[in-house]
Amino acid sequence: MAKENKEVSCKRLPESYDLYINGNISEETLIDFKKDIHEKLDEIEEISEMIHAIVSLGLGIEPAKTNLPEFNIHVTTYGGDVYAGLGICDLIKELSRTYKVNMICSGYIMSMGIPIILSGTEVHA
């Protein structure tokens, strides 16, 4: 009997995610940024669980070796609220523990923008 080729497809992890911090740093900026990060992390977790479920079916399917996606955070700011800025720094540092976080200077970086841009894994101007 001929062996059947079964094709299984599922969503793949992207190579990178782009996030943006533009304009004045405020509590609203912090809340929006935190929401954006959690949406991306939820997507990564969902895709990883899907891949694990397919592999655990025992169909002889091996997952392709995947690297964790990188995060590219584009920043343009004159600065703003210090407490919100420090909150953003904390989020980026936490993200940097697991993922490569490229901080990209997309324009002007002043005041509270300096510690934010320095919080990632790498800085690109």
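Strands β1 (residues 16-22) and β2 (residues 70-77) pair up in parallel, with seven bridges between them; pairing takes at least two DSSP bridges. Helices (H or I, at least four residues) and strands (E, at least two) are DSSP runs, counted off from the N terminus. This is a predicted model, so to speak of local features takes pLDDT of at least 70 and side-chain atom pairs need 80 or more, while totals for chains, interfaces and linings use all residues. Residue numbers start from 1 along each chain as its sequence is written, and side-chain values use heavy atoms, leaving out hydrogens and water.

**Around β2**
- Thr76 in β2 is the bridge partner of Asn22.
- On to β3 (residues 101-109): β2 and β3 run parallel and share six bridges, with Val75 partnered by Cys105 of β3.
- Seven of the eight β2 residues are buried (under 20% relative accessible area, 1.4 Å probe, protein chains only).
- β2, helix α2 (residues 82-96) and β3 form a right-handed β-α-β unit: with the strands pointing away from the viewer, the path from the first strand over the helix to the second goes clockwise.

**The nonpolar core**
- The largest nonpolar core (buried Ala, Val, Leu, Ile, Met, Phe, Trp, Tyr and Cys joined through side-chain atoms within 4.5 Å) has 25 residues, and Phe33, Ile73 and Ile116 touch the most other members.
- At least two core residues come from each of β1, α1 (27-56), β2, α2, β3 and α3 (113-117).
- α2 is the top contributor to this core, with six residues.
- Leaving aside residues up to four places away in sequence, Phe33 touches Leu19, Ile21, Ile73, Ile88, Leu91 and Ile92, where contact means heavy atoms within 4.5 Å.

How values were computed:
Buried < 20%, exposed > 50% of the residue type's maximum accessible area, 1.4 Å probe, protein only.
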